[in-house]
Amino acid sequence: MKKNARNTKGKIVSAAWKLFYQQGYDNTTIEEIVEASGTSRGSFYHYFEGKDALLSSLSYLFDDKYVELEKTMDPTLSPIEKLKYMNQELFLMIENTVSVELLSRLFATQLTTNGERHLLNTNRTYYKLLRQITIEGKEQDLFKENLSINDITRAYAMFERGLMYEWCISGGNYSLCQHAQMIMPLFLEGLCR
């Protein structure tokens with residue numbers, strides 16, 4: 001039962017974000033989301049109060065990407081290479097499937113919400129994978145001794161969000177992937193011994 005519920009919600013989220021990307025958030029209706037997801041209007045309202053509630057679901061879409069990455073990531077990569085890989089794959093997905101407008105709206109909802117801030121939810125797959133890689137790096141003595149696992153995990157997440165935020169306020173007028181490819185190694189160097 002729980003798996004079916006997750007599948008239904010996932011279908012709605014995936015269909016919505018695909019439509020948002022293709023035709024814009026404002027031009028997408030709930031009816032189109034229901035039709036594209038192959039679900040019902042009742043199912044939609046079971047999981048979401050309305051279209052605006054879908055904005056915060058982008059973090060779930062990101063987590064689906066992290067589940068996929070966890071399965072395909074080369075286990076022989078160093079923790080630093082894993083973090084770079086994780087970043088590049090996410091940013092490539094963003095460039096190809098999430099418009100600047102949608103990512104900007106996500107950040108806006110996280111700034112103004114009184115409810116859960118999904119991007120900061122440490123139970124997300126993103127944080128679990130990030131923590132796992134950070135622990136591996138600590139065990140290999142890669143990171144500075146005075147930085148805890150939580151310090152490193154939080155700093156990485158903040159830096160990555162900062163790169164996305166900067167891309168949004170710049171109107172996406174450069175490649176997020178290429179910029180991160182240049183700047184992420186410099187950031188990670190600062191965490192290492």
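1. D141 sits in the loop between α7 and α8. In this predicted model, D141 has a positive phi of about 60 degrees, although D141 is not a glycine. Most residues other than glycine have a negative phi, so this backbone angle is a point to look at in the coordinates. With a relative accessibility of 45%, D141 counts as partly exposed, because the value falls between the 20% limit for buried and the 50% limit for exposed.

2. The two helices on either side of that loop are α7 (125–139) and α8 (149–169). Their packing angle is about 130 degrees, and their axes are 9 Å apart. That angle makes α7 oblique to α8, because an angle has to be over 145 degrees to count as roughly antiparallel. The crossing of α7 and α8 is right-handed.

3. Which elements give two or more residues to the lining of the second largest pocket? They are α7 and α8, the pair described in the previous point. The volume of this pocket is about 220 Å³. Its lining holds 11 residues, and the closest to the pocket centre are T122, Y127, N150, T153 and R154. By number, Y127 falls in α7 (125–139), while N150, T153 and R154 fall in α8 (149–169). The largest contribution to the lining comes from α8, with six residues.

4. The chemical make-up of that lining is mixed: four residues are nonpolar, three are polar and four are charged. For the residues closest to the centre, the classes can be read from their types. Y127 counts as nonpolar, R154 as charged, and T122, N150 and T153 as polar.

5. A second helix pair is α4 (58–72) with α5 (79–97). The axes of α4 and α5 come within 10 Å and cross at roughly 135 degrees. The two helices are therefore oblique to each other, and their crossing is right-handed.

6. Helix α5 also packs against α9 (residues 176–191), at an angle of about 155 degrees and with the axes 10 Å apart. Are α5 and α9 roughly parallel or roughly antiparallel? They are roughly antiparallel, because the angle is over 145 degrees. The crossing of α5 and α9 is right-handed.

7. E81 is a residue of helix α5. E81 counts as partly exposed, at 36% relative accessibility. Its C-alpha atom is 13 Å from that of L186, although the two residues are 105 positions apart along the chain. L186 lies within the range of α9 (residues 176–191), so this pair relates the two helices of the previous point.

8. The loop between α3 (41–47) and α4 (58–72) contains D52, and K51 is found in that loop as well. Is K51 buried or exposed? At 17% relative accessibility, K51 counts as buried, because the limit for that class is under 20%. D52 is exposed, with a relative accessible area of 57%.

9. Distances from this loop reach several parts of the chain. K51 and Y25 are 26 residues apart in sequence and 8.8 Å apart in space, C-alpha to C-alpha. For D52 and I12, which are 40 residues apart along the chain, the C-alpha separation is 13 Å. K51 is also paired with T109: these residues are 58 positions apart along the chain, and their C-alpha atoms are separated by 12 Å.

10. T109 belongs to helix α6 (residues 100–112). T109 is buried, with a relative accessible area of 19%, and this value lies under the 20% limit. K51, at 17%, counts as buried too, so the pair separated by 12 Å joins a buried loop residue to a buried helix residue.

Terms used
Residues numbered from 1 in each chain as written. Predicted model: local features only at pLDDT ≥ 70, side-chain atom pairs only at ≥ 80, totals over all residues. Heavy atoms only, no water. 1 Å grid on protein atoms, 1.4 Å probe; cavity = no way out; pocket = protein on both sides within 12 Å on 5 of 7 lines; lining within 4 Å. Points joined across faces, edges and corners; volume = space filled by probe spheres on them. Helix = DSSP H or I, 4+ residues; strand = E, 2+ residues; numbered from the N terminus. Buried < 20%, exposed > 50% of the residue type's maximum accessible area, 1.4 Å probe, protein only. Axes fitted to C-alpha atoms, helices over the stretch in contact; angles between N-to-C directions. Parallel < 35°, antiparallel > 145°, perpendicular 65-115°, else oblique. Left-handed = near helix turned anticlockwise from the far one by under 90°.
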